[in-house]
Number of protein chains: 2
Amino acid sequence: MLAIRPARPEDCGLLLAFVRELAEYEKAADEVTATEADFRRDGFGPRPRFEAAIAEWDGRPCGFVLWFYNYSTWAGRHGLYLEDLFVRPEYRGRGIGKALLVHLARLAAEQRCGRYQWQVLDWNTPSIRFYEALGARRLPEWITMRVEGPALTALAGR
Amino acid sequence: MLAIRPARPEDCGLLLAFVRELAEYEKAADEVTATEADFRRDGFGPRPRFEAAIAEWDGRPCGFVLWFYNYSTWAGRHGLYLEDLFVRPEYRGRGIGKALLVHLARLAAEQRCGRYQWQVLDWNTPSIRFYEALGARRLPEWITMRVEGPALTALAGR
């Protein structure tokens, strides 16, 4: 049986394990430098930077979802941004990913968020199909631009 | 002479004017439903959802930038997300857009944000070239998915 519950400070080790497992799936395991202490500070400190929920199957952690809030200056309202969604491979095919997406859709609707969004890698066709079947649409005209690392230091120094 | 200062609650009417002018440029003026009261609540209330800065040229408002914070579970750190950047047409060509981008890069660097990012419409080639010249790179492999309106209500009701 599936249960979804809010993440607690003592889940930070579990969250980090999930983040690493998800990064492996995305072929980027080397890029995870986060620590449990980071998640404790940023998820459960005086200024929370994210929220998270844990999915449990018969009491065993099987997946998670992590989100924060963005802002639409057109709608004049905050929106919900899903950063990470992950279900452990051995628990797939039971509707857990869908239940996590619906869980966040309810939270977004309760808060009257106009938008609920996330990003997906363009090669991840199974996920894109799954999201579209649930009512999501692609916004392929929006390109993400990023400054990081030495480029950020250089830009800040101009 | 250019000055960049934090937005104040009394700037909400100006922010809304800028947001509408930017939406016109993006061919989406009809989609702005935000009000001054929304911006006052969400920018200057007990739970700020965004931050903003106003650019002034010889004391006259000529542009703005508006941002919020996202979160990288790989970096274990919040990042800066630039939602809106706008310079009034009659003030373009004076380096104001660049100064606003650098202003936020400094803020991101001060806060040790690993990433500073935004989105741009794929047909907006002049802006893409401008951003790339400042050190930003495109992440074309990330596709944005969005659920909104009736689709959000339907998903929340599943």
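Mentor: Let's start with a word we will need: a residue is buried when its relative accessible area is under 20% and exposed when over 50%, with partly exposed in between. Keep in mind that this is a predicted model.

Trainee: Why is E56(B) called buried?

Mentor: Its relative accessible area is 17%. The cut-off for buried is under 20%, so E56(B) counts as buried.

Trainee: How do you know that E56(B) and R5(B) meet in a salt bridge?

Mentor: For a salt bridge, a side-chain nitrogen of Lys or Arg must lie within 4 Å of a carboxyl oxygen of Asp or Glu. Here the N to O distance is 3.1 Å, so the pair passes. R5(B) is buried as well, at 15%.

Trainee: What makes this pair a tie between parts of chain B?

Mentor: E56(B) sits in strand 2 of chain B and R5(B) in strand 1 of chain B, so the salt bridge ties together parts that are 51 residues apart in sequence. The two strands are also joined by five bridges and run antiparallel. One bridge pairs P6(B) with A53(B) of strand 2 in chain B.

Trainee: Where do strand 1 and strand 6 of chain B stand in the sheet?

Mentor: The sheet is open, has seven strands and mixed pairing, and its order is 1(B)-2(B)-3(B)-4(B)-5(B)-7(A)-6(B). Strand 1 and strand 6 of chain B each have a single partner strand, so they stand at the edges, with one side of each lacking a neighbour in the sheet.

Trainee: Is R8(A) buried, partly exposed or exposed, and how do you know?

Mentor: Its relative accessible area is 39%. That lies between 20% and 50%, so R8(A) is partly exposed. R8(A) forms a salt bridge with E10(A), their closest N and O atoms being 3.2 Å apart. E10(A) has 58% relative accessibility and counts as exposed, because the cut-off for that word is over 50%.

Trainee: What makes R146(B) and E148(B) a salt bridge?

Mentor: Their closest N and O atoms are 3.9 Å apart, and the limit is within 4 Å, so the pair counts. R146(B) is buried at 12%, whereas E148(B) is partly exposed at 26%. Together with R115(A) and R137(A), these two belong to a network of salt bridges. Over all chains the count comes to 22 salt bridges.

Trainee: Which residues touch the most other members of the largest nonpolar core?

Mentor: Y116(A) and W118(A) do, in a core of 33 residues. Helix 3 of chain A gives the most to this core, with seven residues. Y116(A) has contacts in both chains, including L101(A), L104(A), M145(B) and L155(B). In soluble globular proteins, nonpolar side chains tend to be buried together.

Trainee: How do you know that the copies meet through the same surface?

Mentor: 100% of the interface residues of chain B are also interface residues in chain A, so the surface is the same in both copies.

Trainee: And what turn lays chain B on chain A?

Mentor: A turn of 180 degrees, with a shift of 0.0 Å along the axis and an RMSD of 0.0 Å. That is the relation of a two-fold axis.

Technical notes: Residues are numbered from 1 along each chain as its sequence is written. Chains are lettered from A and ligands numbered from 1 in the order in which they are written. This is a predicted model: local features need pLDDT of at least 70, side-chain atom pairs count only at pLDDT 80 or more; totals for chains, interfaces and linings use all residues. Side-chain values use heavy atoms; hydrogens and water are left out. Copies are superposed by least squares on the C-alpha atoms of residues with pLDDT of at least 70 in both. Contact means heavy atoms within 4.5 Å. A nonpolar core is a set of buried Ala, Val, Leu, Ile, Met, Phe, Trp, Tyr and Cys residues joined through side-chain atoms within 4.5 Å. Buried means under 20% relative accessible area, exposed over 50%, partly exposed in between (1.4 Å probe, protein chains only). Helices (H or I, at least four residues) and strands (E, at least two) are DSSP runs, numbered from the N terminus. Two strands pair if DSSP finds at least two bridges between them. Lists of a residue's contacts leave out its neighbours within four places in sequence.
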